[in-house]
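The exercises below concern helix packing, nonpolar cores and one aromatic residue. Each task is followed by a solution in steps.

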Amino acid sequence: MDKAPTNRSTSGRVFYDYTPVQVWHWVNALAILVLSLTGYLIGTGTPAMLGEASGNFLFGYIRFTHFSAAYLLSVGFLWRINWALKGNAHAMPIFCVPLWRGRFWWEMYHEVRWYAFLTEAPERGIGQNRLAQLAMFFMFTQTTTFMVITGFALYGQGVGNDSWQNKVFGWVFSIWPNSQDVHTWHHFGLWVIVMFALVHIYAVIRENTISGRSFSSMVSAERGFPD
């Protein structure tokens, strides 16, 4: 359940954020970190090991870790979709961006100027600003959906035609018959998410340093707005 806003204090207005999303955020971040590291090793190869290949299972452990993290990411993402449908008003924006509204683009224009150090901080409410919302939608929500679909398609190809993964996601190979193309696009998606994570971390640190808000609602579970 969401926590009620606190009373006004001498440091400004403080609102507690949505704890379920906070938990999902860190579980999701851990899954993405593990997927990124193991996915990179799967795509580029592992360090050479002494002895015969049958004498160690390094690559197998890496793949198992990758698949386990993929299931964790997928279950968490399904939960996040469910929360968007059943949660509070701040749960839906990363799945539904009002690109058809002129006000959305006007507010995003001011956010771009703010991040370019060309203007003062725009007025904001609780929740993602418009630029963050757009980045979350295209670089995280859509990319994660793509990674889950292509990832399970590749997994299904490995475990066999009778697997539920192949039955549900095998249609991907009707778009890219060559599985190497799917591997390539899946690997490309990895770098999109990595770039998003780097920009996301920079934006959080910048916001804390310049605007004086709490470091991150995902760390402190609260959003502060100085008077």
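A nonpolar core is a set of buried Ala, Val, Leu, Ile, Met, Phe, Trp, Tyr and Cys residues joined through side-chain atoms within 4.5 Å. Buried means under 20% relative accessible area. The model used here is predicted.

**Exercise 1.** State how many residues the largest nonpolar core has, and which have the most contacts inside it.

Solution.
- The largest nonpolar core has 19 residues.
- The residues with the most contacts inside this core are Ile32, Leu73, Phe95, Met136 and Phe140.
- Two or more residues each come from α1, α2, α4 and α7 (179–211).
- A second core of 8 residues is separate, and Leu154, Val172, Phe173 and Val182 are among its members.
- For Leu73, the contacts beyond four places in sequence are Asn28, Ala31, Ile32, Leu35 and Thr144.

**Exercise 2.** Classify the relative orientation of α1 and α2 and give the handedness of their crossing.

Solution.
- Helix α1 covers residues 19–44 and helix α2 covers residues 58–86.
- Their axes come within 8 Å and cross at roughly 150°.
- Angles over 145 degrees count as roughly antiparallel, so α1 and α2 are roughly antiparallel to each other.
- The crossing of α1 and α2 is left-handed.
- The residues in the contact of α1 with α2 comprise 19 nonpolar, 6 polar and 2 charged.

**Exercise 3.** Do the classification for α2 and α4, then list the residues through which the two helices meet.

Solution.
- Helix α4 spans residues 130–159.
- The axes of α2 and α4 are 11 Å apart, at an angle of about 135°.
- Angles from 65 to 115 degrees count as roughly perpendicular and those over 145 as roughly antiparallel; the angle of about 135° falls in neither class, so α2 and α4 are oblique to each other.
- The crossing of α2 and α4 is left-handed.
- From α2, Phe67, Tyr71, Leu73, Ser74 and Phe77 take part; from α4, Phe140, Thr141, Thr144, Thr145, Val148, Phe152 and Tyr155.
- By class, this contact of α2 with α4 has 8 nonpolar and 4 polar residues, and no charged ones.

**Exercise 4.** Describe the surroundings of Trp164: which residues does Trp164 touch beyond four places in sequence?

Solution.
- Trp164 lies in helix α5 (residues 164–169).
- The relative accessible area of Trp164 is 45%. Buried means under 20% and exposed over 50%, so Trp164 is partly exposed.
- Beyond four places in sequence, Trp164 touches Tyr71, Phe152 and Phe169.
- Trp164 and Phe152 are 12 residues apart in sequence, and their C-alpha atoms are 9.6 Å apart in space.

Methods: Residues are numbered from 1 along each chain as its sequence is written. This is a predicted model: local features need pLDDT of at least 70, side-chain atom pairs count only at pLDDT 80 or more; totals for chains, interfaces and linings use all residues. Side-chain values use heavy atoms; hydrogens and water are left out. Axes are lines fitted to C-alpha atoms, for helices over the stretch in contact, and angles run from 0 to 180 degrees between N-to-C directions. Helices (H or I, at least four residues) and strands (E, at least two) are DSSP runs, numbered from the N terminus. Angles under 35 degrees count as roughly parallel, over 145 as roughly antiparallel, 65 to 115 as roughly perpendicular and the rest as oblique. A crossing is left-handed if the near helix is turned anticlockwise from the far one by less than a right angle, and right-handed if clockwise. Ala, Val, Leu, Ile, Met, Phe, Trp, Tyr, Cys and Pro count as nonpolar, Asp, Glu, Lys and Arg as charged, and the others, Gly among them, as polar. Contact means heavy atoms within 4.5 Å. Buried means under 20% relative accessible area, exposed over 50%, partly exposed in between (1.4 Å probe, protein chains only).
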